[in-house]
Amino acid sequence: MKQKRYSFGKQLLSMLLVMVLLLSGITVPVKADNSQKEQVNAKEQPYVYFQYDDGRIQEMGEDNTFTLNLLDTGNFVLAGTDKRPDWNFSARVQVSDTEYQKHYWVNSKGRYVPFDVRKVEGYVCNADNPGEVFQTFSIDNVSSEIEEVKAFIGNQEVSLDKPYQVEGTASGNVSIKGRVKGEEEFKTIPVEALHFETVSGPGLFYGTGTFAMQEAGEAIFKASLYENRNLAAEFKVISGAVKLQDFTVTVPKVWEIDSWNGLGGYYVGITKGQNTEKNFNLSFVPYNATNQKLVWEALTPDIAEYMEAFGNGIVPKKAGVAKFKISSEENPEISKEVSVEFRYKDTLKDAKADKEVYELLDGDYVTFQINTTPSNATEQRFQWSYSQDGIVKVTDSVEADVWDVNAPKKTLHYMEALNEGEVTVIGVPYDTTGDCKNVEFTVRVAKEEVAPEEVDYLKVAKEDIEHGTAYLSKQSLEKYGNEWNLFTLLRSGKEVSQETLDKYYASVEKQVKEKVDKMRATDLARVIITLEAMGKNPQNVSDVNLFEKLYNSKSMASDTSNCPIWALIALDGWKSEIPSDALWTREKLIEQILSFQTEQGGFGLFDNKSSSIDMTGMALQALAPYYQDDKYPKVKKAVDKTLDYLKKQKTENAGYLDGGKENSCTTAQVLTALAALKIDPMNADEGFTSNENNIVKNLHSYKTEDGFGWQDGKQTNGMAVQQVTYALEAYRRLVENKNSLYDITDTKPQTPDNESGHVVISVERFTIGQGYIYEPVFVPFEKGDNAATLLKKVIGKENFVGEDTYLEAIVGGDLGTDKVVVPEYIEKLSNGSVTTETAREWGNEDNGDGGDALGEFDYSNYSGWMYHVNGEEVGYGIASYKPKDGDVLRFQFTMYGYGTDLTGRQWGNPNPIIDICNKDEITKLMAEVNADREKMMAVPEVKAAYDEAVKLVSAVITPKEEIDAAAAKLREAVENAQKVPNGWLETSEGWQYYENGQKVIGWLDTGNHWYYMDHNGIMKTGWVSVNGHWYYMDQWGAMVTGWVSVNGHWYYMDQWGAMVTGWVSVNGHWYYMDQWGAMVTG
């Protein structure tokens, strides 16, 4: 560390020397004044130094590094230029076990802001021209070597033993001081270098170092150093109850009704705040009264109501004077009445329907125009009445951007023809303040006298399938990338030559060998469903398990929605098993898909703010298998919402739009989705027909001479042919009650009885006291498997020593000679010929595979590997065994009598010489635990029972009664654990999340999104305050990042979800967020 010091002594000596020379008459050479020139050069070459608050200066080291610790206070200074600096030193930091944020080591004023111990690199540039970088350098944040910390409120030291006393909801500021090793003084630690949290009680931290009590009681707070979280100060705050004596409520005298909350479906109202013209404000006497909760009663509920949810505040319904009575929850006798006059910003002066008479057909549902003056009148809705009921129904709807309450809103008007007849419709305007007259028009509804069209649309669909497959069969089918051509042909029942299938498979093998790790989830899924349609197993393509690559995809969380959608479709094609520890279980995939659903009900490709019908249809296709499954209530709710959305998006031709134009591909995705959901689109009651039009007829209209077109029936489009054809095939399968399009289990090779299933395998070395090598597990088998191939699946084929007919040794099976302990019962059986001492003296012959292999003739002349099936010795080699579903295979190391120590029997003697009971049942139960070990062993009851089972089984000669009792105990524990909820659970209070039977409290990371569960474990939505930071959770409870509009205000949530205050730069633009996080304009 270099510090500039100025020597007054040297300057004085120089002055004296000059004076002497002048007095002596000697000419003194005067150095030219180059200071101006040096200043100019300095300006041309800006440089950085660090100035401590005490005046000291640290220059940048030779390696362009400043060395600082959290007790160093001061500013970085950019010298040599008049340009405004912008300091860029930031990184993502962890502030708690589950919380991350972005930290800036140098603020906008150049102030050093410490955090933890690390070296950060950055630069300072021209704030008005960021491309002009003045200096790049590093800040080496070293340890402060603080070894003791204390908490102070004012000058009072506070701790658990020295509590701080407050009254009511009072707040305070705590400072933390630390003592450096070898020193006595306690120095103040910057709040930015500290993590503050509430340990218990009714207290909260706001910002950095400010705490507040929410109610009477005791709260324990904790402050710890980010550089060493073990260095912490805990202190207690005790609050006494303070009764409310009075309160005041101030509201604006006049409020203009204007913005619309598209998410809630009501006007944006008066929210709580400090602006007397725009907000209402509350104050309490005394200010720290414990219970400050107020009860709002709307005295004019037709004009306005108070909505506490999401901080909506006073929400107007129409113009007029709204009155409220506000009472103290604690003491209702303390009450106030307030009033506010609501006015429309742009008053409606005139309105007229664009027609005097409307002609409709029975069943029509149309929009119509009402011309208003002014055209941007705030309120354009009407109360409708009819000269005769039951002929027509008129409704209004306000549409607005759900993410921007300041965006222009639009009022739409609808007419639905109910029955034949003529009726006069009168609309009384909601806004009568501008003397607007009623809207009046006539509607005539006629019953369409058209003979029903006798068309067999199943026949049409089949003919169009033939038409489409004829085109596809002439296209390329032999290469990777031709999946949709091949898939559509195979699912439509068309034959493809074996030669073509072999060439395609070879092309896939080449792709997998060379580029499998670069394939997106959609690429893998497309190949998987095609292989499934071919009857080829995707689990082994050039020794690569494509299922595993898909459910362990690391990029899916940050990819578009079509990745989880097609991953789920592919994994469900053959109902493939997904391990519980996979990155993407079915539950996680479903959750990821649902996160893309918009408020309106559609699904987006990139996010849940905008949607497309294509992605919406595909999402429904993936969710279809779970629609009627009670285990997935979120799916049922989401799909129902989407179906309502699709009904509203349907055109009069029973088709669907993309980019504002109807096309075959978009419509095909909807038909495929409806078929997957078992919804007959031809049934008018389902809501997907339009008068005489239906979706099959719609797709038929795109038929070209040799295929199908995209936006018309003139020019053939290859993608359109694929999608229309497989959509019609999906419809055919629905009508004929066949497997759905993506339920491809009808192609899965069927294995004869007893040629597939699961066995239980364990590998044991109890006879040398080293326990299990591999605890019991379920192992799947297929045709051709035997005991050798199954064992290799467990231990790894590289660890199998010997021929398939005989197991000589297992590599890695020996813990070492010093770990050998021969059980006492074997010493007795062998009459002392096999003991721990003799075994260790005999040693391990290594079997040619290193000292950790365990095999024949290790530790005894009788040793080796034996296997038992369902508790019985097998009289043939392991390669001759044919597995049966449910078999228990125990590979056991014997030390004496060629298995006498395992069975209790001697060769040639039918009577056992020692009782060793059958342990198959308890072994199966242990395998059941290991099938979902992480979850099961997290349950204390299961873990205790399992550990006891291991102990008793390892003892070998444990009496049958004890084994049976242990099995019963383990079975009961497993059954109880299986009853425990896991994952999402909807309750009357809201959504909860369980992990291993335990309700999650606080932050929840599902791998896709962050959620916050309150102290009762209920998922929060809207605003949430955690450890002094505000977060916004969307309608599904997922944490929002980036811009979000709430109640007419824009907020910016950083990449870790925390609300930003002060200046923030977004996409090159600067915004200022006030102390409550709301964006400031003007």
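1. Two strands count as paired here if DSSP finds at least two bridges between them, and strands themselves are DSSP runs (E, at least two residues), while helices are H or I runs of at least four, both numbered from the N terminus. With that in hand, look at β30 and strand β31 (residues 335-344): eight bridges join them, and they run antiparallel. A hairpin of six residues makes the connection from β30 to β31. If you want a landmark, Val321 has Glu341 in β31 as its bridge partner.

2. A word on what you're looking at. This is a predicted model, so local features need pLDDT of at least 70 and side-chain atom pairs count only at pLDDT 80 or more, whereas totals for chains, interfaces and linings use all residues. Residues are numbered from 1 along each chain as its sequence is written, and side-chain values use heavy atoms, with hydrogens and water left out.

3. Back to β30 (residues 320-328), which also pairs with strand β27 (residues 294-298), antiparallel again, over five bridges. On this side, Val295 has Ser327 in β30 as its bridge partner. As general background, strands of a sheet pair through backbone hydrogen bonds, either parallel or antiparallel.

4. There's also an open sheet of four antiparallel strands, in the order β11-β10-β14-β15. The edges are β11 (156-158) and β15 (186-188); each has a single partner strand, so one side of each is left without a neighbour in the sheet. From one strand to the next the twist averages 45 degrees (axes are lines fitted to C-alpha atoms, and angles run from 0 to 180 degrees between N-to-C directions). Inside the order, β10 (residues 146-153) and β14 (residues 175-180) pair over six bridges, and Lys150 has Lys177 in β14 as its bridge partner.

5. Now some backbone oddities. Most residues other than glycine have a negative phi, and most peptide bonds are trans. Two proline bonds here are worth a look: Val285 to Pro286 is cis, with omega near -5 degrees, and Thr373 to Pro374 is cis, also with omega near -5 degrees. Pro286 is in the loop between β26 (279-285) and β27, while Pro374 sits in the loop between β35 (370-373) and β36 (382-386).

6. Which residues have a positive phi without being glycine? Ala654 does, at about 65 degrees, and so does Asn691, near 55 degrees. Ala654 is in the loop between α11 (633-649) and β41 (657-658), and is buried at 1% relative accessible area (buried is under 20%, exposed over 50%, partly exposed in between, with a 1.4 Å probe and protein chains only). Asn691, in the loop between α12 (664-676) and α13 (695-700), is partly exposed at 49%.

7. Don't go hunting for disulfides (pairs of cysteine sulfur atoms within 2.5 Å): a search of the whole structure finds zero. Cys125 is buried at 1%, and Cys436 is buried too, at 8%.

8. Finally, the inside. The largest nonpolar core (buried Ala, Val, Leu, Ile, Met, Phe, Trp, Tyr and Cys residues joined through side-chain atoms within 4.5 Å) has 98 residues, and those with the most contacts inside it include Ile529, Leu550 and Trp566. Helix α6 (residues 521-534) gives the most to this core, with nine residues. Apart from it lies another core, of 63 residues, including Val794 and Ile963.
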